[in-house]
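Me: Got a minute to look at a model with me? I'd like to go over its cavities and its surface.

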Amino acid sequence: MLKPIIIANWKLNGDKILVQKFIKKISFDYKKYFKKNTIILSPPIIYIEYMKKCMKNLKLSFAVQNVDYNYQGAFTGEISTYMVQEIGAKYVILGHSERRKNHFENNLLVAKKFYCTKINNLIPILCIGETKNEKKSGLTKSILKKQIDEIFLICGKNAFNNTLIAYEPIWAIGTGTNASPILINKILKFIKKYIIYKSDNTNIKFYMQYGGSVSTENIKDIICQKYVDGVLIGSGSLNYKNFLKMIQISSKN
Ligand code: PGA
């Protein structure tokens, strides 16, 4: 069976002290649990190099939380895929609902970033999901389809090969209310079938995550679902005790 993929998205949180403490604590348990999971850490990009320095021999992967689709030039405040490669990160979180909402990223912009990420040999982690109102109106599947369709339009049939896709219902992010494991499985099954259908290729390889209030209490029931390859953890990943516990639980899966 595939090793569960556990992604820690620190968002705009943390500092050097947290990085030090976090790495020190998780290093201790590395051998016990970490080889049974694929761990991807996503602190703010500015701390990645420092985190790597603290890690010494610990081998963990990194994701950045955003990237620009321009390679270089007069784009103040942006970070390119080349820079992401230079600091040694392998993954790029794209289309997170907080970027869609706070930075007005629409499906087209997300698709351009996705394209740029892929052609520069980084792995996109595409976040998709619906709002509470869209869910209430029965629009979940059509919203997800739209978010996926734009990627196909810009990136072609093989768009999702070797990528990660995270179903993150907006109503579950940071609310303490996760989607039920049964619903997660149902939606991920839908996403998988839809991507395979649109790719016209049953051999296409991509991995599916769930994100939205994943915690020590619910991870066990989420991670064991058939279509769940892993989880994307936000606030729960800032506390190393909770993070370690979640990894420990996922190792027993
Ligand atoms: P949360 O965030 O775990 O704090 O709900 C998840 C996410 O935004 O990816």
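Reply: Sure, here is a quick chat about cavities first and a surface patch after that. This is a predicted model, where local features need pLDDT of at least 70, side-chain atom pairs count only at pLDDT 80 or more, and totals for chains, interfaces and linings use all residues. Residues are numbered from 1 along each chain as its sequence is written, and side-chain values use heavy atoms, with hydrogens and water left out.

Me: How many cavities of 30 Å³ or more are there?
Reply: There's 1. A cavity here is a set of points on a 1 Å grid over the protein atoms alone where a 1.4 Å probe fits but cannot get out.

Me: How much space lies in the largest one?
Reply: About 50 Å³, counted as the space filled by probe spheres set on the grid points, which are joined across faces, edges and corners.

Me: Which residues line it?
Reply: Among them are His 96, Arg 100, Cys 127, Gln 147 and Glu 168; a lining residue has an atom within 4 Å of a point.

Me: Which helix and strand each supply at least two of the lining residues?
Reply: Helix H5 (97–102) and strand S5 (123–128). Helices (H or I, at least four residues) and strands (E, at least two) are DSSP runs, numbered from the N terminus.

Me: OK, surface now. Where does Tyr 115 lie?
Reply: In helix H6. Tyr 115 has a relative accessible area of 39%, so it counts as partly exposed, the class between buried (under 20%) and exposed (over 50%), with a 1.4 Å probe and protein chains only.

Notes: On a 1 Å grid over the protein atoms alone, a cavity is a set of points where a 1.4 Å probe fits but cannot get out, and a pocket is an open set with protein on both sides within 12 Å along at least five of seven lines; lining residues have an atom within 4 Å of a point.
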